[in-house]
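Dear colleague,

I am handing over the structure that I said I would send, and below it you will find an account of what was found. Please look through it when you have the time.

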Amino acid sequence: MSFATAMEVNVEARRILAVSISKLYASRSQRGGLRLHRSLLLSMVMRSARDIYHSSRESELASGEQPAAEEPMDTNCDPKEKARLAPEPADSSADMAPEVPDKDESDCDVAEDKENHSPTKQSRKRRGKASAAPDFLPSKRARLEPGEERYAAPPGSCRAGLGDSLSALSLNQVIPAF
Amino acid sequence: MFNIVFLLRWTTKADIISTVEFNHTGELLATGDKGGRVVIFQQEIENKSLPQFRSEYNVYSTFQSHEPEFDYLKSLEIEEKINKIRWLPQKNAAQFLLSTNDKTIKLWKISERDKRPDGYNLKEDDGRCKDPNSITSLRVPVLIPMDLMVEASPRRVFANAHTYHINSVSVNSDHETYLSADDLRINLWHLEITDRSFNIVDIKPANMEELTEVITAAEFHPHQCNTFVYSSSKGIIRLCDMRESALCDRHTKLFEEPEDPSNRSFFSEIISSISDVKFSHSGRYMMTRDYLSVKIWDLNMENRPVETYQVHEYLRSKLCSLYENDCIFDKFECCWNGNDSVVMTGSYNNFFRMFDRSQRRDVMLEASRENSKPMQVLKPRKVCAGGKRKKDEISVDSLDFNKKILHTAWHPQDNIIAVATTNNLYIFQDKIN
């Protein structure tokens, strides 16, 4: 694929992501509540767009350093994937993309993070870089059974690996009865 | 293919039609709308035996089926929009239908009253009580004719069985049970029992984060009371046999066509989601509708459909715009004609299509005010995908995507069709001669 076309795909992917986020946000106020089917389809489109976007981003960063906490936050936007072992392969048409400004990605990720919507998990916590709760809020901590130890969740690691997903979940997230 | 003659047009008073269904004889046609109302039309047959028979459909009954409700626990409004209406086969003088919104199914009895009692001993005609001292003789009240009154009364309310939004109901061929399906579960009900239902399909994952597929439609087999199918957002149809186990999580048959890799795009998943599934009257085939096509499946062959019809292939290159304006989420229905030789489905710009399976012909027609003159033959329409537009063709870019035909129904015996645009109902009839 040519340089120009790869760039177009990348721009298109970002645009679709932005459109999808606004749709997810709008569906909040829809009469009758969140539609599971629609939300599922939206998240699939977002995932495809995000995969294409990131595959081009990774190739561009092959020489540079990994973007820091933005990666983990990004995953939160599609919480269905958190526990997924094998993420779906990115669109094969996505090729090595040219440089994308860092700012754009962080904006996009933070924007995704702000609109942290999923039909399945409606956590009200902002998973920003400062993931610890503010001082003025009471600390919500589970009562420990005798013999248990409290595990501290590393800051910003909302993208939990399978192994420590449970502990991260209990501290950071509210899973609604659904 | 037959000529379609326009017959009647009716407006729902600014509310959006959300479902259309003929009863088993075709004499009655029910529509449901977004305001929770049901309107039933009755066929007035003028000399059916004559070759130029023409039938009219007049309003027979109107009633408010569902009202808006509020779920206090989840702080959510429950829409009163009627998602589906299904008629029960007629057993006595009254008619019965099931109507459902997102959460509650109701069984309605529609009955006629054309006589009233007259000549009571203890009260006057207007209902006032007579002075007992003035009564000197005794008589038996008699039934006298009155103007026909059609009454609709809710006989059963099947509530609180669905966490997610109900998308389908289907009456079983045993005439005693029916199923209702939401995004993740299918329940089996007995028509007489409202406080209990059996869950027969449950695809909710233990961890909702692993959700990849939802149920989009479900239907009982027309003859085999143990068999039903349900379609999914992944384009898969599963056929289940209730004799195999109480919970039909494992399908008996799975119908799926492998995706064409050359058609892969951002929106492949959305357009492969099945919006409707309908068995043929024979029970040998089933039809599915996804965003761009209609597929006919032979129940004996699971790996691919036997026929595929492209409804509006010219939209494939416009998927991104259709995603932005939300049209890509539209759920089109489809229907069979009485002898399963023709299938019909809707499209945009108030177009609808018919595919004649036996003659391998198809036609695109329009339901619009311009075609509203009585007995006018509908002219076939054509969309120009690109390049030079011929006379009478419409270019893709001038299609009106706000004018969509999602709901269509075909009379079970005759060539009479009901087509619903946003808030108009059109009834067309095949022209004889």
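**The interface between chain B and chain A**

In this predicted model, 34 residues of chain B are in contact with 33 residues of chain A. The area buried between the two chains is about 3100 Å², and carbon and sulfur atoms give 59% of that area. On the side of chain B, the residues that lose the most area to chain A are B:Glu209, B:Phe266 and B:Tyr323, which together account for 26% of what that side buries.

As for charged and polar pairs, the count between chain B and chain A is eight salt bridges; B:Asp326 forms a salt bridge with A:Arg38, in which the closest N and O atoms are 3.1 Å apart. Across the interface there are also 14 residue pairs in polar contact, with both residues at pLDDT 80 or more.

Turning to the elements of chain B that touch chain A, strand 7 (76-78), helix 1 (268-272) and helix 2 (319-324) each supply at least two residues of that side, and the largest share, three residues, comes from helix 2. By residue class, the side of chain B that touches chain A divides into 13 nonpolar, seven polar and 14 charged residues.

On confidence, chain B averages a pLDDT of 92, and 94% of its residues score at least 70, while the predictor gives the complex an ipTM of 0.89 and a pTM of 0.78. Where pLDDT is low, the predicted coordinates should not be read in detail.

With best wishes

How values were computed. Residues are numbered from 1 along each chain as its sequence is written. Chains are lettered from A and ligands numbered from 1 in the order in which they are written. This is a predicted model: local features need pLDDT of at least 70, side-chain atom pairs count only at pLDDT 80 or more; totals for chains, interfaces and linings use all residues. Side-chain values use heavy atoms; hydrogens and water are left out. Contact means heavy atoms within 4.5 Å. Buried area is the accessible area (1.4 Å probe) that two parts lose on being put together, summed over both. A salt bridge is a side-chain nitrogen of Lys or Arg within 4 Å of a carboxyl oxygen of Asp or Glu. A polar contact is a pair of N or O atoms within 3.5 Å; within protein, one must be able to donate a hydrogen and the other to accept it, and residues adjacent in sequence count only if both atoms are side-chain atoms. Helices (H or I, at least four residues) and strands (E, at least two) are DSSP runs, numbered from the N terminus. Ala, Val, Leu, Ile, Met, Phe, Trp, Tyr, Cys and Pro count as nonpolar, Asp, Glu, Lys and Arg as charged, and the others, Gly among them, as polar. pLDDT is the predictor's confidence in each residue, from 0 to 100.
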